[in-house]
Each structure stands twice: as C-alpha cells, then as structure tokens.
Amino acid sequence: MKRTSNILIVAALATGAFLAACNKGEHNRKPGRIYMPDMYESRAYEFYSARLSGLKPVEGTVKRGELLPYHLKEADTAQANLVKNPLTITPEDLKEGERLFNIYCGICHGTALDGNGPLYKGGEGPYSAAPANLVAGAKAGYTEGRLFHVMTYGYNMMGSYASQLDRAQRWKIAAYIKSKQPGAAKPAAEAAPAKDSATAK
C-alpha cells in the first residue's frame, strides 16, 4: 500500500513537471538572452525606396540573360567592321529581325531597305533628307558589326537606338539587313535542308 502511494506521488509530480514545461504562457516564449541581438532583430531594409530605386547598376555588371557589354566607342568604326555577330542566327531570328526593323527602321529606310520609307516618300514626305539605302551603294557593304555599331551610336542624322533595342535585338536586325543585301549567305538552319533535297534528287 505504501509502495502504491509512493508511485502515485511520483507520477503526480512528473505530470505536474510535464504540464509546467508545456505551459503556453507568453512569458515562456521569450528567451532570457539573445546572442548577437543586432542580427536577431535587424532593421528593416526597403529596397524599393525612392533613393535606392534611382541608383544605376554598378559599372561593368551584366543583366542576367543579356549579351556581354559592347566596349567600342563611337569613333571606333574601323574596329566595328571586324566585330562578329555573337548570336547563332536562325530563320526565327531573321523573322524577329524583320519585325523589329519594320517597327524601328522601316519608317525611314523603308520595308524594302531602299531608303524610301514613309517619312521620305521619294522626297515628297515630311523628311527632306534621304535615308540610307541599305541594299545598294556604300551601306550595302557594311558588315553586321558596323550595322550594329551604327544602331548603337547613330550616324549622321540618325540617332542611337541603344535605349529602344537591347543588344540581341540590334544583332538580329543587323543579321536581317545583311540577309537582304546582294550576295547574302543563308543561315545554317536554312542551308542544311537545301543540301539534303539536292542529294535526294
């Protein structure tokens, strides 16, 4: 009997201790000391504040998914002639280049790339200076690198399009212009089926 009462007393004490440990009172939720409180309770940082949102990116950074920076200066036209297109141009890229050309360039240079766009209209339009003919004359000999350079910095009366078109878009337009010039080579994706059809005959 005495043994049973001792067991009951020990069980009651253990239950009381367990219930005290599981107490959900607010005072038990706060620790007594915090290691490095400045890290535990850090100040709020609002990234989109008026001061921070106006800051420019660190010089030399490259936006994710964008081509490497173009380092040539406006006067480096001779070096621009040697710059190769970093994109592997596909027929889809040429279609996109045509679409972008018609939006941004066709108004002056015309959709036929002959320099007779709606703003010029053979001299009858509101723009009196004739835009460059891109399929005949001196401009037809421009490399893709030179065309990209002109779109980046502008040339004579034409302003820069670097703010309207990113680097990949400018390269696609340059490839499209080059594909319309005399003696243009077809992109690799288009040339391969033509060889297969020739061997099939």
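## Overall fold

The protein chain holds nine helices and zero strands. Read from the N terminus, its elements run α-α-α-α-α-α-α-α-α. The model is predicted.

Of the 201 residues in the protein chain, 24% count as buried. The accessible surface of the protein chain comes to about 15,100 Å². Carbon and sulfur atoms own 57% of that surface. Contacts also span the sequence. Among those in the protein chain with a separation of 6 or more, 52% join residues 24 or more positions apart.

## Helix 5

Helix 5 covers residues 91-104. It has 14 residues. From first C-alpha to last, helix 5 reaches 20 Å, close to the 20 Å expected at 1.5 Å a residue.

Which residues of helix 5 are buried? They are Pro91, Asp93, Leu94, Gly97, Leu100 and Phe101. The geometry of a helix helps in reading such a list. An α-helix has 3.6 residues a turn, so residues three or four places apart point the same way.

Asp93 is the acidic entry to look at here. Asp93 sits in helix 5. Is its side buried or exposed? Asp93 has a relative accessible area of 15%, under the 20% cut-off, so Asp93 counts as buried. Setting aside neighbours within four places in sequence, Asp93 is in contact with Thr88 and Lys172. Lys172 falls within the range of helix 8 (167-180).

## Cysteines

How many disulfides are there? The count comes to zero. Cys105 is in no disulfide, and the nearest cysteine sulfur, that of Cys108, is 8.7 Å away. A disulfide is a covalent bond between the sulfur atoms of two cysteines. Why is Cys108 not bonded to Cys105? Their sulfurs are 8.7 Å apart, which is too far for a bond. The cut-off for a disulfide is 2.5 Å between sulfur atoms.

The two cysteines can also be read by cover. Cys105 is buried, with a relative accessible area of 11%. Cys108 is partly exposed, at 21%. The boundary between these classes is 20%.

## Loops and backbone

Two loop residues have a positive phi without being glycine. Leu113 has a phi of about 60°. Asn156 has a phi of about 55°.

Leu113 is found in the loop between helix 6 (106-109) and helix 7 (144-153). Leu113 is buried, with a relative accessible area of 1%. Asn156 lies in the loop between helix 7 and helix 8 (167-180). Asn156 counts as exposed, at 70% relative accessibility.

Ala75 occupies another loop, between helix 3 (50-53) and helix 4 (77-80). Ala75 is exposed, with a relative accessible area of 71%. How far apart are Ala75 and His149 in space? The C-alpha to C-alpha distance is 9.8 Å, while 74 residues separate Ala75 and His149 in sequence. His149 falls within the range of helix 7 (144-153).

## Nonpolar surface

Which residues make the nonpolar surface patch of about 410 Å²? Tyr35, Met36 and Met39 do. Met39 lies in helix 2 (residues 37-40). Met39 has a relative accessible area of 60%, over the 50% cut-off, so Met39 counts as exposed.

Definitions and conventions. Residues numbered from 1 in each chain as written. Predicted model: local features only at pLDDT ≥ 70, side-chain atom pairs only at ≥ 80, totals over all residues. Heavy atoms only, no water. Helix = DSSP H or I, 4+ residues; strand = E, 2+ residues; numbered from the N terminus. Buried < 20%, exposed > 50% of the residue type's maximum accessible area, 1.4 Å probe, protein only. Contact = heavy atoms within 4.5 Å. Areas by Shrake-Rupley, 256 points an atom, 1.4 Å probe, with all protein chains shown as cover. Patch = residues over 30% accessible without salt bridge, like charges linked within 9 Å, V, L, I, M, F, W, Y side chains within 5 Å. Salt bridge = Lys/Arg side-chain N within 4 Å of Asp/Glu carboxyl O. Expected span 1.5 Å × (residues − 1).
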